[in-house]
Structure formats: C-alpha cells, structure tokens
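Biologist: Please take one part of this model and examine it closely, relating it to its surroundings as you go.

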Amino acid sequence: MKQNTIFQAVAIVAAGIILALVANAFASRDRKVSLVGTYPNALKVPAREVPAAPPVAPPVTQTVAMTTQPSTITVQPTATTATQPTATAAIETVGINPKAKTPAAPAPTTTTAPTPHAPPATPAREFNAHPDKPYIEIAYNDVKALHDKNVLFLDARRTSVYEQGHIPGARTYSVWESDIDDKVNKLFAERNDQAAQNLPIVIYCSGGDCEDSHMLAQKLWGIQFNNVYVYKDGFPDWQQHGAPVHTGANP
Amino acid sequence: MKRYLTHPWLTIRVQLALGAIFVIAAIPKIADPPSFAHMIYNYRLVPASLINLSALVMPWVELLAGLALILGVWKKAARNLIGILLAIFIIAISINLFRDNAIDCGCFNVADRGKTHEQRIFDMKVDVVRDLGMLLMVGQLWWAGKREEPPS
C-alpha cells in the first residue's frame, strides 16, 4: 500500500519532468530556457540597497549638470569583484560552440559603429577599457553621452518588455531566455579582436534592484569584453529624462 | 469534533480546493519559465545549475498533483507531493525572511511587480501563513485518509 503511494508519487514527478522537457522543446524563443543556466551569484544574497538613494540621486545629478560641466560626472566603480573562473568558463562555452548564426532581425546594421572619431564638443569623460572590473555603473548623463556616440546598447530585460519600448538602437539580450549564449557568441564573433572588444558597451535593465544587466555584464567580461557599463537606473530613468524610445522587435 | 474534521463532506472539499489552488498556481509558471527561473534565482537557495531545471519541472509537478487531487486519482501520492512542496516553500521563504532578502514569492504570479523592500517582506510573511494554512489542508487529508484506511 505504502510502496504503491511512493511509486505513484515518483510517477507523477517523472511525468512532470517529461512534460516539462517536451514543453520547453516546443516553447517559443523567448519562453524557452536552457536546461542548465549559468548564474554566477545564484547562492549569494545581494546586499540591500539603500532605499532612499534612487529617488534622491537624479535631482542631485541634474543640479550638478546644470551648474558645472558634464566632465564632473562621477562614475562609481562597483563593489563587484568577480573572479576569473567564471570568465574562463564563458570563454570555453564560446570557444566550443561558435555558432555563426545570423539573426533574422537587422540587428547588426544599426549600432555597431564605434568611436574611432573624436568625441563631440563637450569634454565628456573618457570611457576607457577596464579589464580589472566586469562593469562600471553609470548614470543618465554618461549613458546619454555614450548613446550619442552610437555605442552598442544591450537591453537585458525580457524580450516582451523590450518590444514595448527600449532605448533606440539597443539589442535585446535577455539573460533569462535560452538564446542568450547564442547572442553572446554572435557578439563575440562580431567583435573578435582586442580593439573591438575594448569598445564601450552599455547594458541596462529596469533599474532599482534589477540585476539582469550586471549578470549580462559578467558574461561579457568573461569573454574579454573589457569596457562594459551598466546603466544603473535603467530604462525607467531613461524615460523619466524624456529621452527617445523605440518600440517593436527591432533595435 | 474529530468526526467533523475527518468527515467525507469536508475531505472532498479540501481535496478539490487544494487541487484547484495548485493547478491555478502552476499555469503562469508553465506559461513563462524564464520568469519563474528568475524568481527561483532570487531565493538564492538553488545552485545555478539546477535553477532552470527546477523552473521547468516544479510547475508541471504542481499541475499534475493538483489535477490528481481534483480527479481523485492517486490522491495520497498527490497529497504527499503537495505537502513536500509546501514544506519546501515555507522553508525557502522563511530562510529569506530570516536573512532579510526581500523577494517576490513567485507562487501565483511570476511578473516583477516592482514592490518595495517592506512590501515584499510583508507579503512574504503572508505567504508563509498562507502556505501553513495549505499545509493544514494537507494534514486534514492525511488524517481523514488514515481514518478511512482500516475498513478498506
């Protein structure tokens, strides 16, 4: 009797596993997950953010921008000290599996042009490569400056959210969807020499405690992208500043 | 009292309600595994390699166990599985309450609602109480099942 119950419970779990795998195999691209994900901080409890900081920060940066030159913008390096093992693992993934799959969307056309020319009129801060850190968090002014320079933007939010509105030119790179590794591989194939890898990349998600962009930054840093910036306050802040927004599946 | 608490009238209703709750809870997770994987990740309790797998499998087990209770097939196995799941949920939420890691439960909804830290902590406490209530329902089914066992 009891053994029968155990057998039935095991059967329910086994049926669950089979159904889950079948459903995932037939799921659409943005509803699918890879069976084994890579999440470096899966067991690390995040430090609590000071709740007062986000509402206070924007007015402060604005006044600074009004009174002084944009060159005074401070960039806070993050406390993240990611370890290189993650990096090696990611390199291996890319090396073993260099899928040269070109996506249907005309993604590469828009935002690949980097910054070989001199920066525009304002003496903005320089965005040099920082191989020692996976990413540097930046605020709106720096983000806008980089956007004006046609730097590559990556949107780490879910594809469905991206389609409702994103920073013009940004490509959709959701870390939770199954094709993230393919997309990262593609970027690696696009920028496969040292100079290209040192070009700035800005990643954003939805601000607040959203850490998808940090996760993506870690992935990119792991494959030698040494100049990645995380737009700390993310898309809501971009909208708040009245900056342009693009809707739809294309960048 | 004992007679009322283990009365078939009550048992059948508890069984249907618990089954329905689990079916309803499973559907949004089955519909959007990446979001549920994100929810599981937020708990910071599951090793990285198991996050996606558990996000895929757990909702299907919930759905099948819930359906089994509703249909009255393999009732005991389904009840036991639901009891185990509830215990896991309660422990997982409690650990995060204890370490002040405010998260969305991901129980019935996998969308990020942008809640504040305080709202999340409050909701997590409510979730623990709710899950304890459901565990009581499992207890009722177990008790009633035990009572009806000797004659059968």
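Modeller: B:Gly72 adopts a positive phi of about 75 degrees immediately after helix α4 of chain B, helices (H or I, at least four residues) and strands (E, at least two) being DSSP runs numbered from the N terminus. The model is predicted, with local features needing pLDDT of at least 70, side-chain atom pairs pLDDT 80 or more, and totals for chains, interfaces and linings using all residues. Residues are numbered from 1 along each chain as its sequence is written, while chains are lettered from A and ligands numbered from 1 in the order written.

The helix that ends before B:Gly72, α4(B), contains 24 residues and extends 36 Å from its first C-alpha to its last, close to the expected 34 Å (1.5 Å times one less than the number of residues). A kink of about 35 degrees is centred on B:Ser54 in α4(B), the bend being the angle between axes fitted to the seven residues ending at a residue and the seven starting there. Of the 24 residues in α4(B), 17 are buried, so that the helix is mostly covered (buried: 20 or more other C-beta atoms within 10 Å of its own, C-beta atoms being placed from the backbone).

Helix α5(B) occupies residues 75–98. Because its 24 residues should span 34 Å at 1.5 Å a residue, the 34 Å between its end C-alpha atoms agrees with expectation. Its buried residues include the run B:Ala77, B:Ala78, B:Arg79, B:Asn80, B:Leu81 and B:Ile82; further along α5(B), B:Leu85, B:Leu86, B:Phe89, B:Ile93 and B:Asn96 are buried as well. Helix α4(B) belongs to the cover over these buried residues, which also includes α2, α3 and α6 of chain B and, from the other chain, α1 (2–26) of chain A. Just after α5(B), a positive phi of about 60 degrees is found at B:Asp100. A positive phi thus follows α4(B) at B:Gly72 and α5(B) at B:Asp100.

The presence of α1 of chain A in that cover leads to the interface as a whole. There, 30 residues of chain A are in contact with 35 residues of chain B (contact: C-beta atoms within 7 Å). On the chain A side, 17 of the residues are nonpolar, eight polar and five charged (nonpolar: Ala, Val, Leu, Ile, Met, Phe, Trp, Tyr, Cys and Pro; charged: Asp, Glu, Lys and Arg; polar: the others, Gly among them).

How values were computed: Buried ≥ 20, exposed ≤ 12 C-beta atoms within 10 Å, placed from the backbone. Contact = placed C-beta atoms within 7 Å.
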